[in-house]
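Welcome to a set of short exercises on reading a protein model. Keep the sequence and the 3D view open, try each task yourself, and then follow the solution step by step.

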Amino acid sequence: MPNLITPLDGLQPHVHPHVTAALQRAGLDTWMPEGDGKWSLPLQFLPDGGWVELMRLVPGTALTLHRHHGEVHGLNLQGRRRLDDGRVIGPGDYVFEPDGNVDSWAAVGDEVLVLHVVVRGDVDYVDRNGHVQKRITTAGRLADYRAFCAARGLSPRLG
């Protein structure tokens, strides 16, 4: 399976217990790959739409332009990210994104980014004209988690 890492690769010691506990709670043995340089670790699927997760990105990995259909709360646990407005968000920094927010950002610096994020509602990845290229839904995130567990012979514990 491509893009697999050991669960604690690149993580600072203060983040280790949180990731270990989250893996155990989710019934996973590693982070779920989501593309080059990006992984996720689901913490909870929200019954009214949305999810809570840890995101792990290597420096240089970007989240392209996307629109939120609900508010988002993000807390950097490790590493840095540069928002499209130029701000650099570091460890301990919190960012609120309102419903309808359209943005992009990238992991920067020389340290793995670990971000705790609460996403309410769907997320649309859009082109520069606002046309939807891909929609991420709670049902889709849950299905990805279950499929990842099944492929690895694990029993999903969330959802």
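**Exercise 1: a proline in a loop**

Is Pro59 buried, partly exposed or exposed?

*Solution.* Bear in mind from the start that this is a predicted model.
- Step 1. Find the residue: Pro59 belongs to the loop that joins β3 and β4.
- Step 2. Read its relative accessible area, which is 32% for Pro59.
- Step 3. Compare with the cut-offs: buried means under 20% and exposed means over 50%, with partly exposed in between. Pro59 is therefore partly exposed.
- Step 4. Look across the fold: Pro59 and Leu113 are 54 residues apart in sequence, yet their C-alpha atoms are 7.1 Å apart in space.

**Exercise 2: three more residues to classify**

Decide for Asp99, Arg128 and Ile89 whether each is buried or exposed.

*Solution.* Take them one by one.
- Step 1. Asp99 is in the loop between β8 (94–97) and β9. Its relative accessibility is 57%, so Asp99 counts as exposed. Along the chain, Asp99 is 31 residues from His68, and 5.8 Å separates their C-alpha atoms.
- Step 2. Arg128 sits in the loop between β11 and β12. With 74% relative accessibility, Arg128 is exposed. Leu65 is 63 residues away from Arg128 along the chain, while the C-alpha distance between the two is 7.6 Å.
- Step 3. Ile89 is part of strand β7, residues 88–89. Here the relative accessibility is 6%, so Ile89 counts as buried. Between the C-alpha atoms of Ile89 and Gly79, 10 residues apart along the chain, there are 8.4 Å.

**Exercise 3: an aromatic pair**

How many aromatic pairs are there, and which parts of the chain does the pairing of Phe45 and Tyr145 tie together?

*Solution.*
- Step 1. Count: there is 1 aromatic pair. Its partners are Phe45 and Tyr145, whose ring centres are 5.8 Å apart, with 40° between the planes.
- Step 2. Name the geometry: planes under 30 degrees apart count as stacked and over 60 as edge-to-face, with the rest called tilted. The pair of Phe45 and Tyr145 is tilted.
- Step 3. Place the partners: Phe45 lies in strand β2 and Tyr145 in helix α2, so the pair ties together parts that are 100 residues apart in sequence.
- Step 4. Check burial: Phe45 has 13% relative accessibility and counts as buried, and Tyr145, at 0%, is buried as well.

**Exercise 4: charges over rings**

Which ring does the charged end of Arg56 sit over, and which residue lies over the face of Trp105?

*Solution.*
- Step 1. Start at Arg56: its charged end sits over the ring of Trp39, 4.5 Å from the ring centre.
- Step 2. Move to Trp105: Arg81 lies over its face, at 4.7 Å from the ring centre.

**Exercise 5: the nonpolar core**

Which element gives the largest share of the largest nonpolar core?

*Solution.*
- Step 1. Meet the members: this core has 41 residues, and those that touch the most other members are Val19, Leu28, Trp31, Leu41, Trp105 and Tyr145.
- Step 2. List the elements that give two or more residues: α1 (16–26), β2, β3, β9 (102–108), β10 (113–120) and α2.
- Step 3. Pick the main contributor: β10 supplies the largest share, 6 residues.

**Exercise 6: a cavity and a pocket**

Describe the lining of the largest cavity and that of the largest pocket.

*Solution.*
- Step 1. Begin with the cavity: the structure has 1 cavity of 30 Å³ or more, and the largest cavity holds about 30 Å³ of space.
- Step 2. Name its lining: Met32, Pro42, Phe45, Trp51, Val52, Glu53, Arg141 and Tyr145. By type, these are 6 nonpolar, no polar and 2 charged residues. β3 provides the largest share, 3 residues.
- Step 3. Turn to the largest pocket, with about 680 Å³ of space. Its lining has 32 residues, and Glu34, Lys38, Tyr125, Ile136 and Arg141 lie nearest the centre.
- Step 4. Sort the pocket lining: 16 residues are nonpolar, 6 polar and 10 charged. Among the elements, β4 gives the most, with 5 residues.

Conventions:
Residues are numbered from 1 along each chain as its sequence is written. This is a predicted model: local features need pLDDT of at least 70, side-chain atom pairs count only at pLDDT 80 or more; totals for chains, interfaces and linings use all residues. Side-chain values use heavy atoms; hydrogens and water are left out. On a 1 Å grid over the protein atoms alone, a cavity is a set of points where a 1.4 Å probe fits but cannot get out, and a pocket is an open set with protein on both sides within 12 Å along at least five of seven lines; lining residues have an atom within 4 Å of a point. Grid points are joined across faces, edges and corners, and a volume is the space filled by probe spheres set on the points. Helices (H or I, at least four residues) and strands (E, at least two) are DSSP runs, numbered from the N terminus. Ala, Val, Leu, Ile, Met, Phe, Trp, Tyr, Cys and Pro count as nonpolar, Asp, Glu, Lys and Arg as charged, and the others, Gly among them, as polar. Rings of Phe, Tyr and Trp (its six-membered ring) pair if their centres lie within 6.5 Å; planes under 30 degrees apart count as stacked, over 60 as edge-to-face and the rest as tilted. Buried means under 20% relative accessible area, exposed over 50%, partly exposed in between (1.4 Å probe, protein chains only). A charge sits over a ring if NZ of Lys or CZ of Arg is within 6 Å of the ring centre and within 35 degrees of the ring normal. A nonpolar core is a set of buried Ala, Val, Leu, Ile, Met, Phe, Trp, Tyr and Cys residues joined through side-chain atoms within 4.5 Å.
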